[in-house]
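Me: I should like a close look at one histidine in this model and at its surroundings. Please begin with that residue and then proceed to the charged and aromatic side chains of the strands around it.

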Amino acid sequence: MKKYLLAFFFAVLATSASAQFEKYTSYLNTSLTGLNLSYSKNSKVTFGLQATGGFFFEDAWMLYGRFGYDHQFVRNGTDVNDVKLGAGVRYYIRQNGLYLNMGLQYEHRGVNDNYVQLTPEIGYCFYLNHHLSIEPAVYYDLCLNDFSGGSTVGLKLGFGFYF
C-alpha cells in the first residue's frame, strides 16, 4: 500500500510541476548569494542579496532581469560593496527541475572598479506548491575585463514565485 501511495504522490508532483514553465508565466525571486566560495585571497566572507524578475517567452525558456548587492568582508579591513545589474536567459529541464542560466551583468565594485561579467549558473527547483519554490544554485561570474580580480564563484539560495 505504501508503494502505491508513494507512486501516486510522485505522479501528482510530476504532473503539476510542468505548469510553472508554461509560456506567458511570470517569475519573481529573491536570493541570498555569495556564501563564501570565492577563490580571491583578499576576501574573507561575501554575503549578498539578489532580486530577479522574469517572463517565460516560450515553454521552459525564460528571459530575466536581475539586481544584486554584495558585501565583502576583506582581510585588510576595507570592506567592499558591490552593485550588480544584469539580464539573461534561463532554460528549465522539465523532467527533473534542473535549470541552466546564461546572462550578462555589469558590476560596480568598491569606488573605482567596474566589471562586465558572463554569468553561467546551474540550479534546482524544489517546489513547495504550484507557485512557490526553493532554488539552490551554483554560479560563476566570469569577468571579461579583469579575469583574476573580478571573477567569482558562489552558492545562492533563492525563493521563487511563479504566477
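Reply: The residue in question, His-71, is located in strand β3. The model is predicted, and the description that follows should be read accordingly.

His-71 has a relative accessibility of 19% and therefore counts as buried, the limit being under 20%. Its side chain takes part in a polar contact of 2.5 Å with the side chain of Asn-81. A polar contact of 3.5 Å is also found between the side chains of His-71 and Asp-79. When residues up to four places away in sequence are set aside, His-71 touches Val-45, Thr-46, Phe-47, Asp-79, Val-80 and Asn-81. Both polar partners, Asp-79 and Asn-81, thus appear in that list of contacts.

Asp-70 belongs to strand β3 (residues 61–74), the strand that also holds His-71. Asp-70 forms a salt bridge with Lys-84, with 2.8 Å between the closest N and O atoms. Lys-84 is part of strand β4 (residues 80–93), and the two residues, 14 apart in sequence, link distant parts of the chain. Asp-70 and Lys-84 are both buried.

Lys-84 has a second acidic partner to consider. Its side chain meets that of Asp-141 in a salt bridge with an N to O distance of 3.2 Å. Because Asp-141 lies in strand β9 (residues 132–143) and Lys-84 in strand β4, this pair ties together parts of the chain that are 57 residues apart in sequence. Asp-141 has a relative accessible area of 4% and is therefore buried. For Lys-84 the relative accessibility is 7%, so this residue also counts as buried.

Strand β4 contributes to a further salt bridge through Arg-90, whose partner, Glu-121, lies in strand β7. The side chains of Arg-90 and Glu-121 meet at 3.9 Å, N to O. The two residues are 31 apart in sequence, and their pairing links distant parts of the chain. Arg-90 is buried, its relative accessible area being 2%; Glu-121 is buried as well, at 6%. This pair is part of a network of salt bridges that comprises Arg-66, Arg-90, Glu-121, Glu-135 and Lys-156. In total, the structure holds eight salt bridges.

Two members of the network are also placed over aromatic rings. Arg-90 lies over the face of Tyr-99, 3.8 Å from the ring centre. Lys-156 lies over the face of Tyr-139, at 5.4 Å from the ring centre.

The aromatic side chains can be followed from here. The count of aromatic pairs comes to ten. One of them joins Trp-61 and Tyr-91 in a tilted arrangement, with 4.7 Å from centre to centre and 45° between the planes. Trp-61 is in strand β3 and Tyr-91 in strand β4, so that this pair, 30 residues apart, links distant parts of the chain across the strands. Trp-61 counts as partly exposed at 37% relative accessibility, and Tyr-91 is likewise partly exposed at 30%.

The rings of Tyr-127 and Tyr-162 have centres 5.9 Å apart and planes at 50°, so this pair is tilted too. Tyr-127 comes from strand β8 (residues 126–127) and Tyr-162 from strand β10 (residues 152–162); they are 35 residues apart, and the pair links distant parts of the chain. Tyr-162 counts as buried, with 2% relative accessibility. Both tyrosines belong to one aromatic cluster, formed by Tyr-27, Phe-56, Tyr-92, Tyr-99, Tyr-127 and Tyr-162. Tyr-99, a member of this cluster, is the ring over which Arg-90 lies.

A remark on confidence completes the account. The chain averages a pLDDT of 83, and 82% of the residues score at least 70. Among its elements, strand β7 (residues 121–124) has the highest mean pLDDT, 96, whereas helix α1 (residues 2–17) has the lowest, 48. Over residues 8–18 the pLDDT stays under 50, and the model has three contacts beyond four places in sequence for them. Where pLDDT is low, predicted coordinates should not be read in detail.

Terms used: Residues are numbered from 1 along each chain as its sequence is written. This is a predicted model: local features need pLDDT of at least 70, side-chain atom pairs count only at pLDDT 80 or more; totals for chains, interfaces and linings use all residues. Side-chain values use heavy atoms; hydrogens and water are left out. pLDDT is the predictor's confidence in each residue, from 0 to 100. Helices (H or I, at least four residues) and strands (E, at least two) are DSSP runs, numbered from the N terminus. Contact means heavy atoms within 4.5 Å. A salt bridge is a side-chain nitrogen of Lys or Arg within 4 Å of a carboxyl oxygen of Asp or Glu. Buried means under 20% relative accessible area, exposed over 50%, partly exposed in between (1.4 Å probe, protein chains only). A polar contact is a pair of N or O atoms within 3.5 Å; within protein, one must be able to donate a hydrogen and the other to accept it, and residues adjacent in sequence count only if both atoms are side-chain atoms. Rings of Phe, Tyr and Trp (its six-membered ring) pair if their centres lie within 6.5 Å; planes under 30 degrees apart count as stacked, over 60 as edge-to-face and the rest as tilted. A charge sits over a ring if NZ of Lys or CZ of Arg is within 6 Å of the ring centre and within 35 degrees of the ring normal.
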